[in-house]
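Biologist: I like to know what stands behind each label before I trust it. Shall we go through a few of them together?

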Amino acid sequence: MTTFENIVVEDHDNGVVLIKINRPDKLNALSPEVFVDLKAATEQIAARSDVRAVILTGEGRAFVAGADISAMVNFSMDEAKVYGQTGHDVMDAIAALPVPVIAALNGFTLGGGLELALACDLIYASEKAKIGLPEVGLAIIPGFGGTQRLGRLIGWQAAREMVFTGKTIDANEAKRLGLVLEVFAPESLIDSVLEIANTIASRGPLAIKTAKEVMTKGSELSLKEGNAVEVGGFAALWPSADRQEGMSAFVEKRAAVFTGK
């Protein structure tokens, strides 16, 4: 386990890594220092070959309750631009990890917290989660990808309503909108998400990596172009030892043992 100043990184079984934002007294607000820790942790995970899935969550009553307003209030315009770009760099680094990243929304998920979740591949929530992009109430807009990623996930009209009103929704409404996949009791959230992560970790790691790559690329292409990307990814897996093992295990009616090769 690696401990940073503002986050905790825990290794779990089967190559699952849990990252916990650890500023409960500040509701895990995204300060510049949190961004530094998240970027460093992401870089370390990206360099590891043993990681199969990553879970992001928060300590205490919040996933992340937003950006650290006290750190932003006296920014100049240039400083605000640098801070926004820093946030985008961190979100992009998380999104670019070669393994699935799962957000477990344990509580308040507001502003930058929702933007952090939107950079993940899968989002699950506790019944206690409160979710929104309230920035317009401060006379600003989301600055870490919220105006772009939310509409791509739930549709532009629903995203505009959330951004324009700044309203906060509960976990069940977020599920109805397709913003979260499932809602769990608070006490079972992490165990449930760990179970999902372990299922992912049990599959062929090269196949999971390739699936993420082709889905990410294809989401920005036409269907015809995306299908061509899929064909390339499908064929590229054929020489792998894992592909041979997976098919042999299926034919032989036994559990496959994947090595990531």
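Modeller: Gladly! Let me start with a definition: a residue is buried under 20% relative accessible area, exposed over 50%, and partly exposed in between. Please keep in mind that this is a predicted model.

Biologist: Why is Asp92 called partly exposed?

Modeller: Asp92 has a relative accessible area of 39%. The label applies between 20% and 50%, so Asp92 counts as partly exposed.

Biologist: What makes Arg149 and Asp92 a salt bridge?

Modeller: A side-chain nitrogen of Lys or Arg must lie within 4 Å of a carboxyl oxygen of Asp or Glu. For Arg149 and Asp92 the N to O distance is 3.1 Å, so the two side chains meet in a salt bridge. The pair links distant parts of the chain, with Arg149 in helix 5 and Asp92 in helix 3, 57 residues apart. Arg149, at 22% relative accessibility, is partly exposed too.

Biologist: Which residues are joined into one network by salt bridges that share partners?

Modeller: Those are Asp11, Arg48 and Asp50. The closest N and O atoms are 3.1 Å apart for Arg48 and Asp11, and 2.8 Å apart for Asp50 and Arg48. Both values fall within the 4 Å limit, so both pairs qualify, and Arg48 is the partner they share. As for accessibility, Arg48 has 29%, Asp11 has 46% and Asp50 has 39%, so each of these is partly exposed. A search of the whole structure finds 13 salt bridges.

Biologist: How do you know that Asp37, which is buried, has no salt bridge?

Modeller: The nearest side chain of opposite charge is Arg23, 8.4 Å away. A salt bridge needs a distance within 4 Å, so Asp37 has none. Asp37 sits in helix 1, and its side chain reaches the backbone nitrogen of Glu5 at 3.4 Å. That is within the 3.5 Å limit, so it can be listed as a polar contact. Leaving aside residues up to four places away in sequence, Asp37 touches Phe4, Glu5, Asn6 and Ile7.

Biologist: And why is Val73 called exposed?

Modeller: Val73 has a relative accessible area of 58%, and the label requires over 50%, so Val73 is exposed. This residue lies in the loop between helix 2 and helix 3. Together with Ile69, Leu138 and Ile140, Val73 makes a nonpolar surface patch of about 350 Å².

Technical notes
Residues are numbered from 1 along each chain as its sequence is written. This is a predicted model: local features need pLDDT of at least 70, side-chain atom pairs count only at pLDDT 80 or more; totals for chains, interfaces and linings use all residues. Side-chain values use heavy atoms; hydrogens and water are left out. Patches are made of residues with over 30% relative accessible area and no salt bridge: like charges are joined within 9 Å, nonpolar side chains (Val, Leu, Ile, Met, Phe, Trp, Tyr) within 5 Å. Accessible areas come from the Shrake-Rupley method with a 1.4 Å probe; for residues, only the protein chains shown count as cover. Helices (H or I, at least four residues) and strands (E, at least two) are DSSP runs, numbered from the N terminus. Buried means under 20% relative accessible area, exposed over 50%, partly exposed in between (1.4 Å probe, protein chains only). Lys and Arg count as positive and Asp and Glu as negative; His and the chain ends are not counted. A polar contact is a pair of N or O atoms within 3.5 Å; within protein, one must be able to donate a hydrogen and the other to accept it, and residues adjacent in sequence count only if both atoms are side-chain atoms. Contact means heavy atoms within 4.5 Å.
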